[in-house]
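Here is a short report for a reader new to this structure. Look over the sequence and the model, then read on.

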Amino acid sequence: MTILEIRDYLQKFFDSVELVGEDGRQVSAPAKIESAKIGEVSFVANEKYVKFLASTQASLVIVHHSVPVDEFIPKTSFLKVKDPYSAFVFLLQKFVQPRVIASMGIASSASIGEGVTIGEGVSIGDYAVIGDRCTIGNNCIVGAHTVLLHDVVMGDDTTLFPSVTCYDGTRIGKRVVIHAGSVIGADGFGFAPQSDGTYVKIPQMGIVEIGDDVEIGANSTIDRATMGSTVIGRGVKIDNLVQIAHNCTIGEDTVIASQAGISGSVTVGRHCLIGGQAGFAGHLELADNIQVAAKTGISKSFLQPGIALRGTPAQPMRDQLKEEAMLRNLGAMREKLVRLEAELNKLSKS
Amino acid sequence: MTILEIRDYLQKFFDSVELVGEDGRQVSAPAKIESAKIGEVSFVANEKYVKFLASTQASLVIVHHSVPVDEFIPKTSFLKVKDPYSAFVFLLQKFVQPRVIASMGIASSASIGEGVTIGEGVSIGDYAVIGDRCTIGNNCIVGAHTVLLHDVVMGDDTTLFPSVTCYDGTRIGKRVVIHAGSVIGADGFGFAPQSDGTYVKIPQMGIVEIGDDVEIGANSTIDRATMGSTVIGRGVKIDNLVQIAHNCTIGEDTVIASQAGISGSVTVGRHCLIGGQAGFAGHLELADNIQVAAKTGISKSFLQPGIALRGTPAQPMRDQLKEEAMLRNLGAMREKLVRLEAELNKLSKS
Amino acid sequence: MTILEIRDYLQKFFDSVELVGEDGRQVSAPAKIESAKIGEVSFVANEKYVKFLASTQASLVIVHHSVPVDEFIPKTSFLKVKDPYSAFVFLLQKFVQPRVIASMGIASSASIGEGVTIGEGVSIGDYAVIGDRCTIGNNCIVGAHTVLLHDVVMGDDTTLFPSVTCYDGTRIGKRVVIHAGSVIGADGFGFAPQSDGTYVKIPQMGIVEIGDDVEIGANSTIDRATMGSTVIGRGVKIDNLVQIAHNCTIGEDTVIASQAGISGSVTVGRHCLIGGQAGFAGHLELADNIQVAAKTGISKSFLQPGIALRGTPAQPMRDQLKEEAMLRNLGAMREKLVRLEAELNKLSKS
């Protein structure tokens with residue numbers, strides 16, 4: 001692509017894309033600003049990286065309108081935009097190498113059950129197993145070795161990478177991506193204690209429902225509901241090795257980082273950010289727009305939208321940071337206490 | 001099922017099931033008390049939910065003997081029992097939709113090794129791989145894509161969901177359930193440090209033994225012993241994404257929640273409850289009936305049965321809660337300290 | 001093997017192997033010193049276990065040169081060495097039962113893509129899927145159901161257990177072992193927030209590079225870089241259920257225990273030890289030879305080599321242990337404060 005073509009492409013998505021410098025050069029790949037070479041495009045979205053503009057070999061750099069660039073012309077050309085990071089992300093999509101997850105059509109080695117409905121433009125990989133009465137929407141991709149038990153529904157344009165397992169009845173929306181090894185719809189972890197100390201399994205009769213535009217990482221697990229549905233809202237993004245237990249509801253556009261674990265019957269609001277290795281006790285609720293720091297242990301509901309949580313047990317960030325600071329200060333407190341005691345002794349003797 | 005039939009079914013398992021109200025109505029599904037509709041059955045096991053008896057549309061509700069129900073007749077009928085929750089759990093089993101994990105018989109696409117023994121009534125799914133000299137008991141189900149390396153033994157009535165991997169020599173009891181993606185018997189994590197800074201792998205020559213009536217969730221990992229066996233006792237229930245390292249012994253009827261991790265050579269007693277994301281250092285021991293709170297970090301043995309543990313490093317719950325309360329009180333302590341200092345200064349000047 | 005043969009074998013690797021006692025006995029298996037029987041070999045590497053020398057039935061025990069053994073002759077023979085633990089580990093390798101992961105050759109049920117290069121002495125298991133243009137080195141083993149997307153490279157003598165998934169472009173070194181269920185090269189977790197509250201996926205265009213002599217446990221996940229490579233250095237050992245995010249670099253010979261999670265763009269030095277369930281925030285750096293305690297939460301860079309870290313947020317071990325001790329002492333501080341207050345009141349009244 002030439003710089004001019006890149007400008008034209010970005011103008012489809014962003015207002016006021018301003019080109020500074022030579023516009024005919026060929027750009028063949030994206031790169032980090034520190035290591036970009038001639039013929040590559042990079043970006044600066046953070047003031048800390050402006051210093052690299054002098055040394056970079058990049059032929060094109062995307063920057064904010066406010067960045068002065070004249071001194072770097074003609075070595076480098078610039079596209080000035082309001083949000084250089086988003087512009088670069090959109091541009092990356094033009095350089096993605098095509099990835100083949102499964103060839104177009106249904107692999108002859110795939111096992112297709114009875115009463116299965118398959119849309120147009122579908123790719124089903126080697127040894128994939130599609131259970132009875134499944135429905136696969138248009139343009140779906142099912143990776144090699146992925147197993148759908150019976151009665152699974154996949155919306156249009158959804159991609160399952162290899163070795164995903166969806167249990168019976170799972171309902172997946174449109175444009176969903178599920179990475180390798182994830183297990184959707186396994187039985188919730190429910191056992192009723194008996195008087196002899198053993199447990200009886202509680203039948204897990206519900207399903208998992210996954211909304212449109214969800215992405216789920218590798219080796220994550222989302223359990224089916226005991227009754228009704230475990231619900232993953234539209235646009236939710238889930239990282240690797242995440243656990244979502246039975247009967248949870250995750251609000252739209254919420255983001256959950258790796259190794260976080262959400263216990264049964266938790267309701268998380270919309271547009272929350274859940275940090276890595278955070279954990280939730282069961283049967284609690286989080287309002288919208290809450291930020292949960294990594295490793296936080298949430299033991300009760302937080303119903304005020306927009307707060308930030310931290311610590312175990314979790315508290316609003318401000319309280320928790322105060323507590324941590326006080327903890328760091330404990331040594332000083334103890335010294336003061338010893339000093340006061342000595343002074344008091346002196347005083348009471350005199 | 002009619003209400004009368006449900007009464008008769010529950011009487012097989014529970015004493016003194018008392019029917020109040022109309023007994024001929026058809027009941028077609030279970031539901032939560034808040035959302036149950038006409039023709040559905042629900043339960044109330046917790047006083048907080050008694051209030052829903054007035055508004056519920058359920059045709060039948062299972063309650064404790066002590067709950068007054070006369071005012072809700074004839075809208076709703078009732079079965080009064082001693083333990084409404086367990087009764088409902090047993091009843092759920094009557095409403096479970098049959099789930100097909102693999103069709104009866106051995107799929108023609110399955111790969112069966114040499115010297116394999118297969119019992120009566122077995123289902124082996126598509127592309128399952130059964131290694132040499134494996135033994136599969138009666139009525140076992142092996143899901144599609146599940147792999148048994150050689151010399152694996154499965155007891156009667158055991159179910160492996162799709163894409164489970166059992167390494168060589170794994171011994172699984174009767175009525176065991178292992179959910180998709182779990183890996184049983186991978187090598188323990190043992191490496192001997194060498195003087196040049198590299199590591200030499202310690203051969204992991206033992207196996208994993210899983211007792212009867214164990215259930216293991218999705219994507220969990222249980223490592224084989226270095227020598228001897230990693231032992232999962234009868235009736236143990238393990239959730240998703242749990243790690244059990246080499247040479248552990250987990251006592252009977254112990255329950256381990258999601259993302260907990262148990263390091264090498266740990267012995268956990270019987271009937272313990274291990275919370276989610278709890279972690280254990282290696283080579284330690286837990287007595288019977290110990291409750292470990294979620295996220296607890298256990299760094300030493302606790303040999304007193306029946307205690308509850310919490311915090312990192314773990315302490316008995318009472319000590320830990322006291323410490324947490326004191327932590328919340330630190331601000332007040334600091335203020336008092338400042339006040340005392342001021343008073344002391346005033347006093348010593350006067 | 002006879003004791004003499006064992007002595008000769010160990011002399012290949014270790015200096016000054018001294019045999020004390022009868023040398024012709026047959027030794028057929030290794031065992032723990034507490035439970036070893038006649039015909040078995042064991043070791044004592046820790047003073048605590050010297051007491052078992054009197055009672056053990058082992059025919060041969062490997063001990064340090066300094067251990068007095070004359071009183072146990074002729075019941076037991078001894079090999080005296082400088083490092084009994086390492087000697088025993090090397091000896092274990094002679095007793096390992098051969099494990100078959102896949103039969104020699106390419107299973108007829110495996111699916112091999114176009115333009116694939118396969119070396120000498122390779123075993124590819126049932127239903128394995130090898131994508132287009134993959135390169136598989138000499139003596140590699142690919143387990144049943146393992147999937148390589150296209151353009152994956154495996155160095156010589158590398159073993160993938162069953163049901164591993166390697167995404168396109170993954171580069172694996174020599175003598176690497178990856179256990180069942182691990183996913184290498186899935187997309188990094190990167191989404192650009194949009195002004196309407198939704199997220200746009202950031203294309204993940206990089207790869208994963210795994211150095212020689214790496215071992216990776218079961219069900220772990222290592223994500224591909226956004227641009228460039230996620231790098232796992234030579235000799236790194238990774239346990240089960242570990243998460244390594246996009247763009248990380250893990251230094252040579254570093255060891256990472258189960259359920260640890262390393263966020264995006266973290267650089268870990270060489271020869272570090274990362275404890276189980278430890279977590280790292282993104283974009284930080286750890287120097288060489290750092291020890292991270294289990295469950296530690298690292299929120300900033302630590303650039304001093306050789307330190308030990310602990311706590312959340314992580315601090316040098318010494319500071320953290322001091323803080324924990326002070327925490328245990330809080331009750332005493334509070335009592336002293338109350339006493340001082342009373343004395344001060346008394347004093348100021350008098």
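Two strands count as paired if DSSP finds at least two bridges between them. With that rule, G105(A) stands opposite S123(A) in β9(A). The model is a predicted one.

**Strand pairing in chain A**

Start with the strands on either side of that residue pair. β6(A) and β9(A), the latter spanning residues 123–124, are joined by two bridges and pair in the parallel sense. Both belong to an open sheet of twelve strands in chain A. The order runs β6-β9-β12-β15-β18-β23-β26-β29-β32-β35-β37-β38, and the pairing is mixed. Which strands stand at the edges? They are β6 (105–106) and β38 (315–316) of chain A. Each has a single partner strand, so one side of each is left without a neighbour in the sheet. Strands of a sheet pair through backbone hydrogen bonds, either parallel or antiparallel.

Further pairing in chain A involves β19(A), residues 183–186. Strand β16 of chain A, residues 165–166, runs parallel to β19(A), and two bridges join them. Here C166(A) has I184(A) as its bridge partner. β19(A) also pairs in the parallel sense with β24(A), residues 221–223, over three bridges. In that pairing A186(A) stands opposite D223(A).

**Domains of chain A**

The domain assignment splits chain A into domain 1 (3–95) and domain 2 (105–321). How far apart do the C-alpha centres of the two domains lie? The distance is 38 Å.

**How the chains are related**

Chain A superposes on chain C by a rotation of 120° with 0.0 Å of shift along the axis, at an RMSD of 0.1 Å. That is the relation of a three-fold axis. For chain A on chain B, the rotation is 120°, the shift along the axis is 0.0 Å and the RMSD is 0.1 Å.

**The two contacts of chain A**

The contact between chains A and B takes 48 residues from chain A and 53 residues from chain B. On the side of chain A that touches chain B, at least two residues each come from β19, β20 (191–193), β21 (199–201), β24, α3 (317–328) and α4 (330–349) of chain A. α4(A) gives the most, with seven residues.

The contact between chains A and C takes 53 residues from chain A and 48 residues from chain C. On the side of chain A that touches chain C, α2 (84–95) and α4 of chain A are the elements that give two or more residues. The largest share there, nine residues, comes from α4(A).

The table gives the make-up of each side.

| Side of chain A | Nonpolar | Polar | Charged |
|---|---|---|---|
| touching chain B | 24 residues | 17 residues | seven residues |
| touching chain C | 24 residues | 19 residues | ten residues |

**A helix in chain B**

Turn now to helix α1 of chain B, residues 3–11. Which of its residues are buried? They are I3(B), I6(B) and L10(B). These residues cover an arc of only 55° around the axis, which puts them on the same side of α1(B). An α-helix has 3.6 residues a turn, so residues three or four places apart point the same way. The cover over the buried residues of α1(B) includes β1 (18–20), β3 (40–43), β4 (60–64), β5 (77–81) and α2 (84–95) of chain B.

Methods:
Residues are numbered from 1 along each chain as its sequence is written. Chains are lettered from A and ligands numbered from 1 in the order in which they are written. This is a predicted model: local features need pLDDT of at least 70, side-chain atom pairs count only at pLDDT 80 or more; totals for chains, interfaces and linings use all residues. Helices (H or I, at least four residues) and strands (E, at least two) are DSSP runs, numbered from the N terminus. Domain bounds come from an automatic or database domain assignment. Copies are superposed by least squares on the C-alpha atoms of residues with pLDDT of at least 70 in both. Two residues are in contact if their C-beta atoms, placed from the backbone, lie within 7 Å. Ala, Val, Leu, Ile, Met, Phe, Trp, Tyr, Cys and Pro count as nonpolar, Asp, Glu, Lys and Arg as charged, and the others, Gly among them, as polar. A residue is buried if 20 or more other C-beta atoms lie within 10 Å of its own, exposed if 12 or fewer, and partly exposed in between; C-beta atoms are placed from the backbone. The arc is that of the directions from the helix axis to the C-beta atoms.
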